[in-house]
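Me: I'm new to this one. Can you walk me through it?
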Amino acid sequence: MIDELREYHFTPDAWHTYWALFQDLCLPIRRDDYGVLLGLWHEQVGDTVYFRHLWRYDSLDARAQLRGELIKLDAWRNEFLPQAGAQVSRQCLQVLNPRGAIGLQSLALARYLHLYRCPTGKAAALIEQLGTVAQRARHSLCGVWATEFSDPNQVVVMTAQPDAPALDLHPGTAIQTHRLQPLGVAPR
C-alpha cells in the first residue's frame, strides 16, 4: 500500500474558486473509485494558500492504473481539470510508504505536518525512534510515512500537537512544521 500526498499552492482568490470546484466536481467524479481519500487540509501563510490531500492506493501500479482510468472520464478531463488547473500556482506530490497503522480516525486528529529532512541513509533510524515514541504514548502521532518520491531521505509525520516528536536527531536533520486546518468533505 502507498499513500500520495498532493500539495497545491494558490492565491487566496484562486483558492476559493478551486475549493468550490473541488467540492462540486472533483469529489463527485472521483469518489473513492480512483484512490481512497484519507484527508484534506489547508494552510494559509501570507498570501499563499496551501491545500494538501492524501490518497491511498494498493500499489504504485494500482495508482498508475486508476489515474489512467480517471483521465479517460470526460467530466474529469473536460470540466474539472481545465477550470481547476487555471487556479493552481504550483503543484507538488509525494509518494509515501505508511509506517504503522494509519487510518481515517487518527488522520481526523491531524493538525500539524512535520517534515524531517534527514541526511542520506538516516531516515530508517528516525522512523524507528518514532515507533518507540508512539509505543510509549508520549506523543500523539496521527501518521508516519517514509517518503518514496521525491526525497527518499524525508520522513513525513502528522500529529495532533504542534511540537514535533522529541527525538535524538542525527546532525544535519532539519524539521519543517506546517499547521494543518482540516477541511470537511462534502458527501460523495
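Me: Let's begin with H1. What do the buried residues of H1 pack against?
Reply: This is a predicted model, so keep that in mind throughout. The buried residues of H1 pack against strand S1 (2-10), S2, S3, helix H2 (60-71) and helix H3 (74-85).

Me: Which residues of H1 are buried?
Reply: The list is Ala-14, Trp-15, Tyr-18, Trp-19, Leu-21, Phe-22, Leu-25, Cys-26, Leu-27, Ile-29 and Arg-30.

Me: And Thr-17, buried or exposed?
Reply: In between. Thr-17 lies in helix H1. Its relative accessible area is 38%, so Thr-17 counts as partly exposed. Thr-17 is 10.0 Å from Ala-86 in space, C-alpha to C-alpha, though the two are 69 residues apart in sequence.

Me: Where does H1 bend?
Reply: At Phe-22. The bend there is about 40 degrees.

Me: What happens just after H1?
Reply: Arg-31 takes a positive phi of about 45 degrees. Arg-31 lies in the loop between H1 and strand S2 (36-45).

Me: Why point out a positive phi?
Reply: Because most residues other than glycine have a negative phi. Arg-31 is one with a positive value, and it is not a glycine.

Me: How exposed is Arg-31?
Reply: Arg-31 is partly exposed, since its relative accessibility is 38%.

Me: Where is the cis peptide bond?
Reply: It runs from Phe-149 to Ser-150, with omega near 10 degrees. Ser-150 is found in the loop between strand S6 (141-149) and strand S7 (154-159). Most peptide bonds are trans.

Me: Switching to rings. How many aromatic pairs are there?
Reply: A search of the whole structure finds 14. One of them joins Phe-10 and Trp-15. Their ring centres are 5.5 Å apart, with 50 degrees between the planes, and the pair is tilted.

Me: Are those two buried or exposed?
Reply: Phe-10 is buried, with a relative accessible area of 2%. Trp-15 is buried too, at 6%.

Me: What about the pair of Trp-15 and Phe-51?
Reply: Those rings have their centres 5.0 Å apart. Their planes meet at 50 degrees, so this pair is tilted. The pair links distant parts of the chain. Trp-15 is in helix H1 (residues 12-30), while Phe-51 is in strand S3 (residues 48-57). The two are 36 residues apart. Phe-51 counts as buried because its relative accessibility is 0%.

Me: Which residues do ring pairs link into a cluster?
Reply: Tyr-8, Phe-10, Trp-15, Tyr-18, Trp-19, Phe-22, Phe-51, Trp-76 and Phe-80. Among them is Phe-22, where H1 bends.

Me: Which residue lies over the face of Trp-55?
Reply: Arg-30 does, at 3.5 Å from the ring centre. Arg-30 is also among the buried residues of H1.

Me: There's another arginine I want to place. Where is Arg-56?
Reply: Arg-56 is in strand S3. Its relative accessible area is 17%, so Arg-56 is buried.

Me: Which side chain makes a polar contact with the side chain of Arg-56?
Reply: That of Asp-3, in a polar contact of 2.7 Å. A polar atom of the Arg-56 side chain also lies 3.2 Å from the backbone oxygen of Ile-102.

Me: What else does Arg-56 touch?
Reply: Leaving out residues up to four places away in sequence, Arg-56 touches Met-1, Ile-2, Asp-3, Gly-35, Val-36, Leu-38, Pro-98 and Ile-102.

Me: Last topic, cysteines. How many disulfides does the structure hold?
Reply: Zero.

Me: Why is there no bond between Cys-26 and Cys-92?
Reply: Because the sulfur of Cys-26 is 17 Å from that of Cys-92, too far for a bond. Cys-92 holds the closest cysteine sulfur to Cys-26. The reverse also applies: for Cys-92, the closest cysteine sulfur is in Cys-26. A disulfide is a covalent bond between two cysteine sulfur atoms. The cut-off for a disulfide is 2.5 Å between the sulfurs.

Me: How do Cys-26 and Cys-92 count for burial?
Reply: Cys-26 counts as buried, at 2% relative accessibility. Cys-92 counts as partly exposed, at 24%.

Key: Residues numbered from 1 in each chain as written. Predicted model: local features only at pLDDT ≥ 70, side-chain atom pairs only at ≥ 80, totals over all residues. Heavy atoms only, no water. Phe/Tyr/Trp six-rings, centres within 6.5 Å; stacked < 30°, edge-to-face > 60°. Buried < 20%, exposed > 50% of the residue type's maximum accessible area, 1.4 Å probe, protein only. Helix = DSSP H or I, 4+ residues; strand = E, 2+ residues; numbered from the N terminus. Lys NZ or Arg CZ within 6 Å of the ring centre and 35° of its normal. Bend = angle between axes of the 7 residues up to and from the residue. Contact = heavy atoms within 4.5 Å. Polar contact = N/O pair within 3.5 Å; in protein donor to acceptor, adjacent residues only side chain to side chain.
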